[in-house]
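Me: I would like to go through this model step by step, with the reasoning set out before each answer. Please begin with the term that the accessibility values rely on.

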Amino acid sequence: MKSVTFSCVATYKPEGSNKPLIYTTGSDKTIRELCEGAPGQGKETLRYEQSVVLSQIAVMHNRKAFFCGLSEQNKPGAIQVLKYPYEKTHEIQVHALPVKRLRVSYDNQSLFSCSNDGTFAVFSV
């Protein structure tokens, strides 16, 4: 993984577990699910290969869906919705430039997105 430039990390803590799952996106067009281990010893448990570069990832607090911000030249501000385990259900062009941040509200009702173009968007989930 040393040749990958990572752009975002998100976590999800399964109920009854004391160790969170870690999700990363980066320049290799992949979402990785890592199980926390000893420092520097995270174990990859699942990998989803995309055909586009993702700049951001946000996970619903119940892990039913993932939201991914795209960083592709032909659709730089699009957001993809993935149903776990990584089935693409929707894609919407939101911003003119790459997505800078994505966050899901604590109640899983809203998605917040901001972009390098200076815009901010709120969606009902």
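Reply: A residue counts as buried under 20% relative accessible area, as exposed over 50%, and as partly exposed in between. Please keep in mind throughout that this is a predicted model.

Me: Is Cys-114 buried, exposed or partly exposed?
Reply: The relative accessible area computed for Cys-114 is 23%. Because buried means under 20% and exposed means over 50%, a value that falls in between leads to the third class. Cys-114 is therefore partly exposed.

Me: How many disulfides does the structure hold?
Reply: A disulfide requires two cysteine sulfur atoms within 2.5 Å. For Cys-8, which is buried at a relative accessible area of 11%, the nearest cysteine sulfur is that of Cys-68, 9.0 Å away. For Cys-114, the nearest cysteine sulfur is that of Cys-8, at 11 Å, and neither Cys-8 nor Cys-114 is in a disulfide. The number of disulfides in the structure is zero.

Me: Are the rings of Tyr-48 and Tyr-86 stacked or edge-to-face, and how far apart in sequence are the parts that the pair ties together?
Reply: The ring centres are 5.1 Å apart and the planes stand at 20 degrees, so the pair is stacked. Both Tyr-48 and Tyr-86 are buried. Since Tyr-48 belongs to strand β4 (residues 43-49) and Tyr-86 to the loop between β7 and β8 (87-95), the pair ties together parts whose separation in sequence is 38 residues.

Me: Which residue forms a stacked aromatic pair with Phe-66?
Reply: Phe-66 is buried, with a relative accessible area of 0%, and lies in strand β6, whereas the other ring is in the loop between β7 and β8, so that parts 18 residues apart in sequence are tied together. The partner is partly exposed at 24% relative accessibility. With 5.7 Å from centre to centre and 25 degrees between the planes, the ring stacked with Phe-66 is that of Tyr-84.

Me: How many residues are in the largest nonpolar core?
Reply: Tyr-23, Ile-31, Ile-57, Phe-66, Leu-82 and Tyr-86 touch the most other members of this core, to which β1, β2, β5, β6 and β7 each supply at least two residues. Leaving aside neighbours within four places in sequence, the contacts of Ile-31 include Ile-57, Leu-82 and Tyr-86. The number of residues in the largest nonpolar core is 17.

Me: In β11, which residue is the bridge partner of Ser-110?
Reply: The open sheet has the order β9-β10-β11 with antiparallel pairing, and its edge strands are β9 and β11. Strand β10 (residues 110-115) is joined to β11 by five bridges. The bridge partner of Ser-110 in β11 is Ser-124.

Methods:
Residues numbered from 1 in each chain as written. Predicted model: local features only at pLDDT ≥ 70, side-chain atom pairs only at ≥ 80, totals over all residues. Heavy atoms only, no water. Pairing = 2+ DSSP bridges. Helix = DSSP H or I, 4+ residues; strand = E, 2+ residues; numbered from the N terminus. Buried < 20%, exposed > 50% of the residue type's maximum accessible area, 1.4 Å probe, protein only. Core = buried A, V, L, I, M, F, W, Y, C linked by side-chain atoms within 4.5 Å. Contact = heavy atoms within 4.5 Å. Phe/Tyr/Trp six-rings, centres within 6.5 Å; stacked < 30°, edge-to-face > 60°.
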